[in-house]
Amino acid sequence: MSSESITPSAKSKESQNENIEKREISFPINPSTNKISTTDVSKRVWVAVLSALTNSTKVENTSNEDYLQRAKNLIKKIECMHNSQWRHGYIPILAEIAEIQASTTSNECVDMARCGCDALHKIMQYGDVSLREAVFSNSESDKAIIGDSLNFHYFETVSFHGSKNAGNIAARKQFQLAEVLDINNPSNVTFLANEGMKAKLNRWSTYGCMEPSAGVSASKIADEKDATSLVSSKVFVLLGATSELGPMESLLDLGASIAGVARPGIKLQKLIQRFTSKSDAGTLHLPLKKISVAPSANVKHEVDAATDDKEIASFSLKVGADLITDVREIAQWIVSLEPEKQLVLCNLAYLDGADNVRASVSMDIITEYVCEKRKNTALSFLISPATSHIIPEDAADNSKERLVNFSKCKSPLALMKFPGF
């Protein structure tokens with residue numbers, strides 16, 4: 001999170017008022033300093049994380065109550081730190097918070113994380129109210145949230161349908177594993193499927209370069225004869241659909257239904273053009289903004305191979321949604337999609353600086369809203385070495401075992417001398 005403090009000039013105050021009228025996610029102004037400070041927000045969120053533990057009426061892990069006192073001491077330290085100190089000294093504090101969470105029970109750890117997210121949703125502004133209040137308000141509160149002078153906007157759905165038959169795609173799209181035959185010629189590869197793929201995965205697992213549970217899971221993919229069976233009952237919601245690392249093309253190629261959320265503009269237009277020109281087997285749902293005093297029934301526009309090119313071009317210019325300005329309407333639009341199918345949310349959007357915080361908190365509260373309204377919603381994410389991930393218990397045990405084995409052989413290796421090193 002960026003730690004810049006911004007003193008609102010006449011222009012920035014005017015911009016803040018515009019944010020209220022546009023109902024845009026923004027950082028709050030600190031009333032005591034009359035400044036917008038991301039540092040203040042960051043400190044308040046981490047205090048909320050620790051307070052979830054210190055305010056608890058019962059400590060579950062009685063064998064290690066030391067972490068409770070550490071949490072209390074850390075709250076005082078954060079609250080006493082000047083913003084300039086926080087900017088240069090937050091890394092060891094976050095490391096200690098991670099240590100404290102690792103010392104708690106699983107329930108306490110999850111509760112701490114949940115309280116931190118909830119605090120962020122309440123601190124961040126959406127127009128002139130908190131983000132949480134804006135997104136989770138009921139119909140009786142709409143007038144207070146939107147304001148008398150503002151029109152209500154909502155999203156209709158434009159569905160672009162591929163022309164290819166999904167069944168034919170699946171027949172020649174079975175999952176395969178590429179194996180390089182010549183390390184000096186990476187293009188010289190063969191593709192393993194079925195038992196060959198499972199045998200290779202088993203060798204990797206036995207060798208120790210992947211956890212046994214990962215090998216078992218991947219082997220189940222090798223048994224799939226019909227690739228579309230994995231996607232046919234789902235709608236994949238891509239928040240940040242134009243992301244270069246996103247699974248858009250692979251999913252469409254398998255005949256999946258995708259709901260794409262991306263800002264209107266050239267990147268989204270190119271994505272639509274690429275899909276309609278390739279004529280994949282899938283379906284691409286995109287939001288179309290409408291302004292009204294009150295939303296009408298969910299309107300759908302169908303686009304397929306028979307649709308006129310001019311009509312497709314017209315829709316391409318109009319579709320799209322902004323995570324920062326349209327968060328409430330995006331959440332409601334997603335919930336309305338194909339109720340007979342399971343939603344799979346994938347958070348992909350990334351922006352620079354403080355805007356990335358705004359986009360990230362938007363995706364987070366959209367996820368919470370959708371999961372509350374559609375109980376069987378699944379979550380997915382991109383793996384990154386810079387991000388902490390929850391892993392299965394057997395994978396954690398396997399990691400510890402390999403670390404112990406490595407430590408046993410490390411000492412003799414340290415005594416050996418290698419020429420050139």
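**Entry 1. Positive phi**

I started at Glu 338, which lies in the loop between helix 14 and strand 14 (342–347). Helices here are DSSP runs of H or I with at least four residues, strands are runs of E with at least two, and both are numbered from the N terminus. The model is predicted, so I kept to its limits: local features need pLDDT of at least 70, side-chain atom pairs count only at pLDDT 80 or more, and totals for chains, interfaces and linings use all residues. Residues are numbered from 1 along each chain as its sequence is written, and side-chain values use heavy atoms, with hydrogens and water left out.

I looked up phi of Glu 338 and found a value near 30 degrees, positive in a residue other than glycine. Most residues other than glycine have a negative phi. Glu 338 counts as buried because its relative accessibility is 14%. The classes are buried under 20% relative accessible area, exposed over 50% and partly exposed in between, with a 1.4 Å probe and protein chains only.

I noted a second positive phi at Asn 194, near 50 degrees and again in a residue other than glycine. Asn 194 is placed in helix 9 (residues 194–207). At 28% relative accessibility, Asn 194 is partly exposed.

**Entry 2. The whole chain**

I counted 16 helices and 15 strands in the chain. The chain has 421 residues, of which 40% count as buried. For contacts (heavy atoms within 4.5 Å), I took those with a separation of 6 or more, and residues 24 or more positions apart account for 73% of them. The exposed area is about 23800 Å², with carbon and sulfur atoms supplying 53% of it. Areas come from the Shrake-Rupley method with a 1.4 Å probe, and for residues only the protein chains shown count as cover.

**Entry 3. Trp 86**

I found Trp 86 in helix 4 (residues 83–103). Trp 86 is buried, at a relative accessible area of 3%. I left aside its neighbours within four places in sequence and listed its contacts as Thr 39, Ser 42, Lys 43, Trp 46, Ile 78, Met 81, Ile 93 and Leu 94. From Trp 86 to Lys 43 I have 43 residues in sequence and 8.2 Å in space, C-alpha to C-alpha.

**Entry 4. Arg 358**

I found Arg 358 in helix 15 (residues 354–373). Its relative accessible area is 13%, so Arg 358 is buried. With neighbours within four places in sequence left aside, Arg 358 is in contact with Glu 24, Ile 25, Ser 26, Phe 27, Met 124 and Ile 324. Arg 358 and Met 124 are 234 residues apart in sequence, yet their C-alpha atoms are 8.4 Å apart.

**Entry 5. Salt bridges**

Side chains of opposite charge can pair when their charged atoms come close. I counted a salt bridge where a side-chain nitrogen of Lys or Arg is within 4 Å of a carboxyl oxygen of Asp or Glu. The count by this rule is 13.

I looked first at Glu 96 and Arg 70, whose side chains form a salt bridge at 3.5 Å, N to O. Glu 96 is in helix 4 and Arg 70 in helix 3 (residues 66–80), so this pair ties together parts 26 residues apart in sequence. Both are partly exposed, Glu 96 at 23% relative accessibility and Arg 70 at 22%.

Glu 99 also forms a salt bridge with Arg 70, at 2.8 Å, N to O. This pair links helix 4 to helix 3 as well, across 29 residues. Glu 99 is partly exposed at 44% relative accessibility.

I then looked up Lys 289 and Asp 326, a salt bridge whose closest N and O atoms are 3.1 Å apart. Lys 289 lies in strand 12 (residues 283–292) and Asp 326 in the loop between helix 13 (309–318) and helix 14 (327–336), so the pair ties together parts 37 residues apart in sequence. Which class does Asp 326 fall in, buried or exposed? Asp 326 is buried, with a relative accessible area of 2%. Lys 289 is partly exposed at 35% relative accessibility.

I also recorded a network of salt bridges that links Asp 118, Lys 122, Arg 132 and Glu 368.
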